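Here is a short briefing for a reader who is new to this structure. Please look over the sequence and the model before reading on.

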Amino acid sequence: MKAVIITQPGGPEVLQLAERPIPEYGTNEVLVKVCAAGVNRPDISQRKGNYPPPPGAPTEIPGLEIAGIVNKVGANVNRWKAGDKVCALVWGGGYAEYCNVPEGQCLPIPENLTFIEAASLPETFFTVWSNVFDRGKLQPGESLLVHGGSSGIGVAAIQMAKALGSTVYVTAGTDEKCKFCEELGAAKAINYKTENFAERIKELTSGQGVNVILDMIGGDYTPGNIQSLANDGRLVMINTMKGKDVNIDLAAVMRKRLIITGSMLRSREVAFKSEIARNLEEHIWPLIAEGKIKAIIQDIFPADRAAEAHALMESSKHIGKMVLNLADC
């Protein structure tokens, strides 16, 4: 099969198209003919050598989400059969014509989505559900602040939280991105380059603060996050793009009864990820089928231009997702 491989740690140019063996699949797995694969920041970290895959995962083929057609099924697989159209969260190997996936991590592709659109969903939707709704315990009627509102994570969080009854605020780096986020459903988008987000959140919430913050930034955003949380608020970390070493006002944490948590999804066990898939299928997939939640895609790239997709993501000029088109399906 053709696969996009990391030839050595480095910049986007180290991604090259090569021939690799079709992967083996286990008794509880399906082999998927991949039509499209989403591009995500963990792929970039892996390409740079900063995010080694878990033991057993493909080491040279990145890619954490795919959409395609089930080609073969393992002996213990019950739900899926050859020919089924699925999208899936994988632990690596997505940038290839074939990928093996635990059956529980597959989801049916809603009939109103293309393979390209479906490939943009799993990594961000699994991440948002696990962190905002499971760990952050966001409830209808509560408020959510998302940093990086125009990112793949951001556009998923805006739509999911609003559809389930919450008020969403976001930060973004340009007026254009802020406008897009508000059109997508954010109650207010704050341009972090021209405004202090903590001061604006205080104004927007009449001094109360927000209930949950989803943060991929870390670093010097942390004091503002603590300031922006309401009593009993929850700060959920999913990345530390501006640094992992931070100063925290512990007195404020105690006084406001805050919870600071976070997670990394890739290394979690299959049963954990399969439970997220079941929750998404029950609560979010019907909203996608109804058109209330949409796939937001910036650009589509053929496999031999994967380096361009990575360069665009690193530039942070995009809104939504980049997707690789692996095959005509």
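What follows covers the salt bridges, the cysteines, a strand pair, a histidine and two backbone angles.

This is a predicted model. The structure holds one disulfide, and the salt bridges come to 18. The bullets below take these topics in turn.

**Salt bridges**

- Side chains of opposite charge can pair when their charged atoms come close.
- Lys-2 pairs with Glu-19 in a salt bridge, with 3.8 Å between the closest N and O atoms. That pair links distant parts of the chain: Lys-2 belongs to strand 1 (residues 2-6), Glu-19 belongs to strand 2 (residues 15-19), and they are 17 residues apart.
- Lys-2 is partly exposed, at 40% relative accessible area. Glu-19 is exposed, at 51%.
- Arg-79 makes a salt bridge with Glu-281, and here the closest N and O atoms are 2.6 Å apart. The two are 202 residues apart: Arg-79 lies in the loop between strand 4 (65-73) and strand 5 (85-89), and Glu-281 lies in helix 9 (residues 270-283).
- Both ends of this pair have some exposure to report. Arg-79 counts as partly exposed, with 45% relative accessibility. Glu-281 also counts as partly exposed, with 25%.
- Asp-220 forms a salt bridge with Lys-242, with the closest N and O atoms 3.0 Å apart. Asp-220 sits in the loop between strand 11 (210-215) and helix 7 (222-228), and Lys-242 sits in the loop between strand 12 (229-237) and helix 8 (250-256), so the pair ties together parts that are 22 residues apart in sequence.
- Asp-220 is exposed, at 54% relative accessible area. Lys-242 is partly exposed, at 46%.
- Arg-47, Lys-48 and Glu-314 form one network, joined by salt bridges that share partners.

**Cysteines**

- Which cysteines does the disulfide join? The bond runs from Cys-35 to Cys-329, with an S to S distance of 2.0 Å.
- The torsion about the S-S bond of Cys-35 and Cys-329 is about -100°, so this disulfide is left-handed.
- The disulfide pair links distant parts of the chain, 294 residues apart. Cys-35 is in strand 3 (residues 29-39), while Cys-329 is in the segment after strand 15 (321-325).
- Is Cys-35 buried or exposed? Cys-35 counts as buried, at 2% relative accessibility. Its partner Cys-329 is partly exposed, at 46%.
- Cys-87 is in no disulfide. The nearest cysteine sulfur to it belongs to Cys-106, 8.3 Å away. That distance is too far for a bond.
- Cys-87 is buried, with 0% relative accessibility. Cys-106 is buried too, with a relative accessible area of 2%.

**Strands 1 and 2**

- Strand 1 is mostly covered, as four of its five residues are buried.
- Strand 1 and strand 2 run antiparallel, and five bridges join them.
- Within this pairing, Ile-5 has Gln-16 of strand 2 as its bridge partner.
- The Lys-2 to Glu-19 salt bridge also links strand 1 with strand 2.
- In a regular strand the side chains alternate between the two faces of the sheet.

**His-318**

- Where does His-318 lie? It is in the loop between helix 11 (306-315) and strand 15.
- His-318 counts as buried, at 5% relative accessibility.
- Which residues does His-318 contact, leaving aside its neighbours within four places in sequence? They are Arg-41, Ser-150, Lys-177, Gln-298, Leu-312 and Met-313.

**Positive phi angles**

- Most residues other than glycine have a negative phi.
- Asp-232 has a positive phi, near 65°. This residue lies in strand 12. Asp-232 is partly exposed, with a relative accessible area of 39%.
- Ser-316 also has a positive phi, near 60°. Its place is in the loop between helix 11 and strand 15. Ser-316 is partly exposed, with a relative accessible area of 32%.

Note on methods. Residues are numbered from 1 along each chain as its sequence is written. This is a predicted model: local features need pLDDT of at least 70, side-chain atom pairs count only at pLDDT 80 or more; totals for chains, interfaces and linings use all residues. Side-chain values use heavy atoms; hydrogens and water are left out. A salt bridge is a side-chain nitrogen of Lys or Arg within 4 Å of a carboxyl oxygen of Asp or Glu. Buried means under 20% relative accessible area, exposed over 50%, partly exposed in between (1.4 Å probe, protein chains only). A disulfide is a pair of cysteine sulfur atoms within 2.5 Å. Two strands pair if DSSP finds at least two bridges between them. Contact means heavy atoms within 4.5 Å.
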